[in-house]
Amino acid sequence: MSLCLCIDEMHSSLPNMLAEIGVQLHYRPELTATEVPAALAAHPYDGLMVRSKLRITADLLAHGPALRWVARAGAGVDNIDEEALAAANVTLLNAPEGNQDAVGEFAVGLLLSVLRNIGRADREVRAGQWRREANRGEEVGGKVIGLIGYGHMGKAFARRLSGFGCTVLAYDHDPNCAPDHYATLVSLAELHQQAEVLSLHIPYSAANHHVVNEAMLTGFQRPIWLLNTARGEVLDHAALVRQLAIGQVRGAGLDVLENEKLATLTPAQRATLDALEADPNVVFTPHIGGWTHQSYHRINEVLARKIHDFLRRHAG
C-alpha cells in the first residue's frame, strides 16, 4: 500500500480515487507551510501531493526520505525545485490536462472582454451611463492571434478559436513542440510581424522571468491586445504600463500578476498596479483561468491516473 500526504485543499473525490489504486491518503490541508516538514517526517510517505502552499526544496525532501513521487495538483510547477527532485530520485507528476479546457475557455472569454469592452461597459451601466459608441468594440474574426507557448494551454485556446474565423499563430521555443491544425507554428520574428493579439501560455522559470518585456512588446509591427493566463512573472508589468500609455498595447486581460499577495506589494509593484487599474482598457481577474468545478474534479482524475501508472511501472 502506497502512503501519500496531501497538504492542500483538494476536491472531495480524492480519497476514493486514490483508494481505488491502492494509495492510502493522509489528508492534511490544515497544515501550515512551517508544519509540513515535521508532518512529512512522521510517516514513511512515498507520495506528497501539493498545490502552491509551499516550495518543494531539497531541505523539505530531506524530511521525507521514503518519497518516490510528488504530485502537483495543477499545471504550474514553479514552486517545485525540479533539480532537487531529480537529485533525490523523486518523480514529479503534474496535471495540465486537468485544467487545460478551463483555461482555453477562459482565455476566449478574456479576449472577448478586452475586445468588446465588456467589463468597462458593465461598470458604466451600473453607474447609470449608457455609452454605446464609446464602447464600440472589435471582432475576433479576421484577426491574427499570436500565442507564445503551444503546450496544453495554448492548444486548448487555439482549438476554441477555430470557430471564430481568425488566424492563429504560435511560437514555442521547444523544437519538439507538436503542431496541429488549429495553429501554425512560426518564429518569434513572424509572430512580431503579423500578430494583433498576443496571448501568453508559458510556465514560469528563472529563464522566463520578464521574457515579455519592453523589447518584446515594442517588436510587434502593429499595436496589440495582450492576454496573460499563464504566470504573472513572465510579463514585465511596468513595461506593460508604458506600452499601454503610448498605444503599442491597445488593451490587456490579466488573470495573473507578478505578486498576487496584494497585501505584500512593494511600493514599485503598488505603483504599477495602480497605473494598470487606472487604465479602462485593462481587465483583471484573480487567477481563475483554470478554476472551475469541473477542473477541480478532473485534476484528481489526471493525478490518480498518473500515480497509478507510476506505481505500476515501479511495482516491487
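These are my notebook entries on the two sheets, the helices that lie on them, and one loop residue.

**Entry 1: the record.** I am working from a predicted model. I began with UniProt, where an unreviewed entry lists residues 9-313 as "domain: D-isomer specific 2-hydroxyacid dehydrogenase catalytic". Over those residues I find 38% helix and 15% strand, with the end C-alpha atoms 28 Å apart. Also from an unreviewed entry, UniProt lists residues 108-289 as "domain: D-isomer specific 2-hydroxyacid dehydrogenase NAD-binding". For this span I note 34% helix and 16% strand, and its end C-alpha atoms lie 10 Å apart.

**Entry 2: the sheet of five strands.** I traced an open sheet with the strand order β2-β1-β3-β4-β5 and parallel pairing. Its edges are β2 (23-27) and β5 (91-94), and because each has a single partner strand, one side of each is left without a neighbour in the sheet. From one strand to the next the twist averages 20 degrees. Looking further in, I followed the parallel pairing of β1 (residues 2-6) with β3, which runs over three bridges, and there I found Leu-5 with Leu-48 of β3 as its bridge partner. Helix α12 (residues 293-313) lies across β1, β2, β3, β4 (69-72) and β5, and I note that the helix runs at about 155 degrees to β5.

**Entry 3: the sheet of seven strands.** The other sheet I looked up is open as well, with parallel pairing and the order β8-β7-β6-β9-β10-β11-β12. Which strands stand at its edges? They are β8 (184-185) and β12 (282-284), and since each has a single partner strand, one side of each lacks a neighbour in the sheet. Toward the β8 edge, I see β7 (residues 167-171) paired with β8 in the parallel sense over two bridges, with Leu-169 standing opposite Thr-184 in β8. Helix α5 (residues 96-116) lies across β6 (144-148), β9 (197-200), β10, β11 and β12, and its direction is at about 145 degrees to β10. Helix α10 also packs on the sheet, where it touches β10, β11 and β12 and makes about 140 degrees with the direction of β11.

**Entry 4: strand β11.** I then checked how far β11 (residues 249-254) is covered, and five of its six residues turn out to be buried. Strand β10 (residues 224-228) pairs with β11 in the parallel sense over five bridges, and Asn-228 has Leu-254 in β11 as its bridge partner.

**Entry 5: α10 against α11.** Helix α10 (residues 237-246) packs on helix α11 (residues 267-277) at an angle of about 35 degrees, and I note that the axes are 9 Å apart. The crossing of α10 past α11 is left-handed. On the α10 side, I list His-237, Ala-238, Leu-240, Val-241 and Leu-244, which meet Thr-272, Ala-275 and Leu-276 of α11. Sorted by kind, the residues of this contact are six nonpolar, two polar and no charged.

**Entry 6: Thr-57.** Last, I went to the loop between β3 (47-50) and α3 (58-61), where Thr-57 is found. Why do I record Thr-57 as partly exposed? Its relative accessible area is 24%, and I enter it as partly exposed because that class lies between the buried limit of 20% and the exposed limit of 50%. Leaving aside residues up to four places away in sequence, Thr-57 touches Asp-81 and Ala-84. I also noted Ala-42, which is 15 residues from Thr-57 in sequence and 18 Å from Thr-57 in space, C-alpha to C-alpha.

Definitions and conventions: Residues numbered from 1 in each chain as written. Predicted model: local features only at pLDDT ≥ 70, side-chain atom pairs only at ≥ 80, totals over all residues. Heavy atoms only, no water. UniProt positions renumbered as here; feature names shortened; annotations may be inferred. Helix = DSSP H or I, 4+ residues; strand = E, 2+ residues; numbered from the N terminus. Axes fitted to C-alpha atoms, helices over the stretch in contact; angles between N-to-C directions. Left-handed = near helix turned anticlockwise from the far one by under 90°. Contact = heavy atoms within 4.5 Å. Nonpolar A, V, L, I, M, F, W, Y, C, P; charged D, E, K, R; others polar. Buried < 20%, exposed > 50% of the residue type's maximum accessible area, 1.4 Å probe, protein only. Pairing = 2+ DSSP bridges.
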